[in-house]
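I opened a fresh page for this one and kept my notes short. Here is what I looked up, in the order I went through it.

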Amino acid sequence: MSKRFLEARLVPVGLGLIVFIIDQLVKSYVTAYMELGQSIPVVKDYFYITYVLNPGAAFGMFANQRMMFIIVAVILCAVVFYFRKQLAKESMMMKYGVSLLAGGAVGNLYDRLQSGLVVDFFDFRVWPVFNIADIAICVGAALIVMDIFSRRKENDTDLQG
């Protein structure tokens with residue numbers, strides 16, 4: 001396999017798959033070994049592993065809108081699949097951003113399809129409880145935005161110079 005093929009297709013797909021697998025393994029561990037609502041201090045007063053089931057999105061927004069979240073995640077995956085050839089030509093930052101976003105979305109989609117609720121467990125007490133898929137979604141979205149703005153800045157510089 002060529003290096004270009006690996007960078008363009010396999011690495012981003014692999015990253016999304018790794019996010020999904022790690023997310024599901026940790027969620028499985030939490031649900032198997034913790035009671036719902038149980039909280040284990042990792043760094044007392046700052047960081048806990050707390051098992052909660054979230055019926056909504058980040059911060060509990062749009063609670064009990066299961067079908068909406070399923071539709072959005074399926075559409076996201078379909079769009080990524082449809083634009084996969086174009087995505088292969090994008091920057092690595094864009095590829096990784098889309099991979100993280102899609103991997104996280106599929107991780108939470110899997111939960112919603114299983115039970116209608118998303119397993120959350122990272123608890124910093126000053127922030128709503130979240131999971132690995134949520135982290136991947138946020139980091140992925142940030143990478144996509146950073147890539148878009150860096151290109152915009154490059155285009156503005158090219159137009160001026």
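Before counting anything, I noted that helices (H or I, at least four residues) and strands (E, at least two) are DSSP runs, numbered from the N terminus. I also reminded myself that this is a predicted model.

**Entry: the fold along the chain.** On that basis I find 5 helices and 3 strands in the protein chain. Following the sequence, I read the order as α-β-β-α-α-α-β-α.

**Entry: whole-chain numbers.** I looked up burial next: of the 161 residues in the protein chain, 35% are buried. The exposed area comes to about 10300 Å², with 68% of it supplied by carbon and sulfur atoms. For contacts between residues at least 6 apart in sequence, I see that 64% join residues at least 24 apart.

**Entry: the strands.** Which strand pairs with β2, and in what sense? I found that β2 (residues 47-54) is antiparallel to β3, with 5 bridges between them. One bridge I wrote down sets I49 opposite F122 of β3. Strand β3 spans residues 118-123, and 6 of its 6 residues are buried.

**Entry: a helix pair.** I then turned to α2 (residues 66-82) and α4 (residues 92-115), which pack at about 145 degrees with axes 9 Å apart. Their crossing is left-handed. On the α2 side, I list R66, F69, I70, A73, V74, L76, C77 and V80 as making the contact. From α4 come V98, L101, A102, A105, V106, L109, R112 and L113. Sorting these residues by type, I get 14 nonpolar, 2 charged and no polar.

Terms used: Residues numbered from 1 in each chain as written. Predicted model: local features only at pLDDT ≥ 70, side-chain atom pairs only at ≥ 80, totals over all residues. Heavy atoms only, no water. Buried < 20%, exposed > 50% of the residue type's maximum accessible area, 1.4 Å probe, protein only. Contact = heavy atoms within 4.5 Å. Areas by Shrake-Rupley, 256 points an atom, 1.4 Å probe, with all protein chains shown as cover. Pairing = 2+ DSSP bridges. Axes fitted to C-alpha atoms, helices over the stretch in contact; angles between N-to-C directions. Left-handed = near helix turned anticlockwise from the far one by under 90°. Nonpolar A, V, L, I, M, F, W, Y, C, P; charged D, E, K, R; others polar.
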